[in-house]
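Here is a friendly walk through one protein chain. Have a look at the model first, then read on.

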Amino acid sequence: RCSPRSALAVPAWAAVVLAPSFVLAQTFLFFEYLVAECWFGPAVAVLQDVLPPSQRGTAQGIFSMLTTVGNIAPVAIGAALSADVPLRDALLVSVPACYTGAALGFVAVGLSLRNAAEAEVKAE
(Lines give C-alpha, C1' and ligand atoms only; values in the text may rest on other atoms or scores of the structure.)
Protein backbone atom coordinates (compact mmCIF):
# COMPACT_ATOMS: atom_id res chain seq x y z
CA ARG A 1 0.00 0.00 0.00
CA CYS A 2 2.76 2.45 0.84
CA SER A 3 5.04 1.90 -2.15
CA PRO A 4 2.55 3.12 -4.78
CA ARG A 5 1.71 6.11 -2.64
CA SER A 6 5.38 6.98 -2.18
CA ALA A 7 5.75 6.71 -5.94
CA LEU A 8 2.74 9.01 -6.40
CA ALA A 9 4.44 11.54 -4.16
CA VAL A 10 7.12 12.11 -6.83
CA PRO A 11 4.86 13.79 -9.42
CA ALA A 12 2.89 15.46 -6.63
CA TRP A 13 6.10 17.02 -5.31
CA ALA A 14 7.11 18.10 -8.81
CA ALA A 15 3.73 19.82 -9.12
CA VAL A 16 4.41 21.67 -5.86
CA VAL A 17 7.83 22.88 -6.93
CA LEU A 18 6.76 23.79 -10.47
CA ALA A 19 3.44 25.43 -9.55
CA PRO A 20 3.12 28.94 -11.00
CA SER A 21 1.52 30.39 -7.86
CA PHE A 22 1.69 30.03 -4.11
CA VAL A 23 -1.97 29.01 -3.79
CA LEU A 24 -1.59 26.30 -6.41
CA ALA A 25 1.63 25.10 -4.76
CA GLN A 26 -0.15 24.81 -1.43
CA THR A 27 -3.01 22.90 -3.07
CA PHE A 28 -0.56 20.43 -4.60
CA LEU A 29 1.29 20.22 -1.28
CA PHE A 30 -1.92 19.12 0.44
CA PHE A 31 -2.26 16.21 -2.01
CA GLU A 32 1.45 15.46 -1.79
CA TYR A 33 1.16 15.08 2.00
CA LEU A 34 -1.83 12.76 1.59
CA VAL A 35 0.15 10.32 -0.51
CA ALA A 36 3.64 10.85 0.89
CA GLU A 37 2.97 10.56 4.61
CA CYS A 38 0.82 7.43 4.48
CA TRP A 39 3.68 5.17 5.49
CA PHE A 40 3.99 6.09 9.14
CA GLY A 41 0.94 4.30 10.56
CA PRO A 42 1.46 1.04 8.66
CA ALA A 43 5.17 1.02 9.50
CA VAL A 44 4.48 1.29 13.22
CA ALA A 45 1.68 -1.29 12.94
CA VAL A 46 4.03 -3.77 11.23
CA LEU A 47 6.63 -3.25 13.95
CA GLN A 48 4.07 -3.95 16.62
CA ASP A 49 2.65 -6.95 14.76
CA VAL A 50 5.79 -8.85 13.83
CA LEU A 51 7.85 -8.39 16.98
CA PRO A 52 7.41 -10.02 20.37
CA PRO A 53 6.34 -7.67 23.17
CA SER A 54 9.82 -7.72 24.72
CA GLN A 55 11.34 -6.18 21.56
CA ARG A 56 8.66 -3.66 20.56
CA GLY A 57 9.93 -0.76 22.63
CA THR A 58 13.46 -1.14 21.35
CA ALA A 59 12.24 -1.45 17.77
CA GLN A 60 10.06 1.65 18.15
CA GLY A 61 13.04 3.56 19.54
CA ILE A 62 15.26 2.50 16.65
CA PHE A 63 12.50 3.37 14.19
CA SER A 64 12.10 6.81 15.71
CA MET A 65 15.86 7.36 15.71
CA LEU A 66 16.10 6.40 12.05
CA THR A 67 13.36 8.83 11.06
CA THR A 68 15.59 11.61 12.34
CA VAL A 69 18.10 10.66 9.65
CA GLY A 70 15.71 12.39 7.26
CA ASN A 71 16.62 15.62 9.00
CA ILE A 72 19.97 15.45 7.21
CA ALA A 73 18.22 16.26 3.91
CA PRO A 74 17.98 20.01 4.60
CA VAL A 75 21.72 20.07 5.30
CA ALA A 76 22.38 18.35 1.97
CA ILE A 77 20.08 20.77 0.17
CA GLY A 78 21.86 23.66 1.88
CA ALA A 79 25.19 22.30 0.67
CA ALA A 80 23.80 22.12 -2.85
CA LEU A 81 22.63 25.72 -2.61
CA SER A 82 26.11 26.73 -1.41
CA ALA A 83 27.45 25.10 -4.56
CA ASP A 84 25.18 27.42 -6.62
CA VAL A 85 22.59 24.76 -7.43
CA PRO A 86 19.23 26.54 -7.82
CA LEU A 87 16.74 25.74 -5.05
CA ARG A 88 14.13 24.47 -7.51
CA ASP A 89 16.63 22.04 -9.03
CA ALA A 90 17.82 20.85 -5.62
CA LEU A 91 14.23 20.20 -4.53
CA LEU A 92 13.28 18.52 -7.81
CA VAL A 93 16.12 16.03 -7.40
CA SER A 94 16.47 15.41 -3.67
CA VAL A 95 12.86 14.94 -2.56
CA PRO A 96 11.80 12.64 -5.43
CA ALA A 97 14.98 10.60 -4.91
CA CYS A 98 13.99 10.06 -1.27
CA TYR A 99 10.42 9.12 -2.23
CA THR A 100 11.71 6.69 -4.85
CA GLY A 101 14.05 5.14 -2.29
CA ALA A 102 11.17 4.85 0.17
CA ALA A 103 8.96 3.18 -2.45
CA LEU A 104 11.69 0.64 -3.20
CA GLY A 105 12.21 0.07 0.53
CA PHE A 106 8.50 -0.56 1.04
CA VAL A 107 8.53 -3.09 -1.81
CA ALA A 108 11.53 -4.86 -0.26
CA VAL A 109 9.90 -4.99 3.18
CA GLY A 110 6.63 -6.23 1.68
CA LEU A 111 8.42 -9.02 -0.16
CA SER A 112 10.37 -9.93 2.95
CA LEU A 113 7.24 -10.10 5.10
CA ARG A 114 5.43 -12.17 2.49
CA ASN A 115 8.35 -14.60 2.21
CA ALA A 116 8.52 -14.89 6.00
CA ALA A 117 4.78 -15.58 6.19
CA GLU A 118 5.02 -18.25 3.46
CA ALA A 119 7.96 -19.88 5.24
CA GLU A 120 6.00 -19.90 8.51
CA VAL A 121 3.01 -21.55 6.80
CA LYS A 122 5.24 -24.20 5.26
CA ALA A 123 6.87 -24.89 8.66
CA GLU A 124 3.49 -25.64 10.20
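What follows goes from the overall picture down to single residues.

**The big picture**

First things first: this is a predicted model. The mean pLDDT of the protein chain is 85, and 98% of its residues reach 70 or more. If you go element by element, helix α2 (residues 22-36) comes out with the highest mean pLDDT, at 92, while helix α3 (residues 40-50) has the lowest, at 82.

What is the chain built from? It has 6 helices and 0 strands, so reading along the sequence you just get α-α-α-α-α-α. The radius of gyration is 18 Å, and the globule rule gives 14 Å for 124 residues, so the chain is more spread out than a compact globule. You can see that in the span of the C-alpha trace too, which is about 60 × 25 × 20 Å along the principal axes.

How much of the chain is buried? Buried residues make up 21% of the 124 residues. On the outside, the protein chain exposes about 8300 Å², with carbon and sulfur atoms supplying 70% of that area. As for contacts between residues at least 6 apart in sequence, 59% of them join residues at least 24 apart.

**What sits inside**

In soluble globular proteins, nonpolar side chains tend to be buried together. Here, the largest nonpolar core has 9 residues: A9, W13, V16, V17, L29, V35, A36, V95 and Y99. Helices α1 (2-18), α2 and α6 each bring at least two residues to this core, and α1 gives the largest share, with 4 residues. There is also a second, separate core of 5 residues, which includes A43, V44, A59 and F63.

Now turn to E32, which is found in helix α2. Is E32 buried or exposed? Its relative accessible area is 1%, under the 20% cut-off, so E32 counts as buried. Leaving aside residues up to four places away in sequence, E32 touches A9, A12, W13, V16 and Y99. Of those contacts, A9, W13, V16 and Y99 are also listed in the largest nonpolar core.

**A pair of rings**

How many aromatic pairs does a search of the whole structure find? The answer is 1. F30 and F31 make up that pair, and the arrangement is edge-to-face: the ring centres are 5.2 Å apart and the planes are at 75° to each other. F31 itself is partly exposed, with a relative accessible area of 46%.

**The loop between α5 and α6**

Next, look at the loop between α5 (73-82) and α6 (87-123), where you'll find D84. Most residues other than glycine have a negative phi. D84 is not a glycine, yet it has a positive phi of about 65°. D84 is also exposed, at 68% relative accessible area.

V85 sits in the loop between α5 and α6 as well. At 32% relative accessibility, V85 counts as partly exposed. Which residues does V85 touch, not counting those up to four places away in sequence? They are A80 and A90.

**Two more helix residues**

T67 lies in helix α4 (residues 53-67) and is partly exposed, at 34% relative accessibility. T67 and A14 are 53 residues apart in sequence, and their C-alpha atoms are 23 Å apart in space.

A119 belongs to helix α6. A119 is partly exposed too, with a relative accessible area of 45%. Between A119 and L92, 27 residues apart along the chain, the C-alpha atoms are separated by 41 Å.

**Accessibility side by side**

Here are the residues from this tour with their relative accessible areas.

| Residue | Relative accessible area | Class |
|---|---|---|
| E32 | 1% | buried |
| F31 | 46% | partly exposed |
| T67 | 34% | partly exposed |
| D84 | 68% | exposed |
| V85 | 32% | partly exposed |
| A119 | 45% | partly exposed |

Technical notes. Residues are numbered from 1 along each chain as its sequence is written. This is a predicted model: local features need pLDDT of at least 70, side-chain atom pairs count only at pLDDT 80 or more; totals for chains, interfaces and linings use all residues. Side-chain values use heavy atoms; hydrogens and water are left out. Rings of Phe, Tyr and Trp (its six-membered ring) pair if their centres lie within 6.5 Å; planes under 30 degrees apart count as stacked, over 60 as edge-to-face and the rest as tilted. Buried means under 20% relative accessible area, exposed over 50%, partly exposed in between (1.4 Å probe, protein chains only). pLDDT is the predictor's confidence in each residue, from 0 to 100. The radius of gyration is taken over C-alpha atoms; the globule rule is 2.2 Å times the number of residues to the power 0.38. Contact means heavy atoms within 4.5 Å. Accessible areas come from the Shrake-Rupley method with a 1.4 Å probe; for residues, only the protein chains shown count as cover. A nonpolar core is a set of buried Ala, Val, Leu, Ile, Met, Phe, Trp, Tyr and Cys residues joined through side-chain atoms within 4.5 Å.
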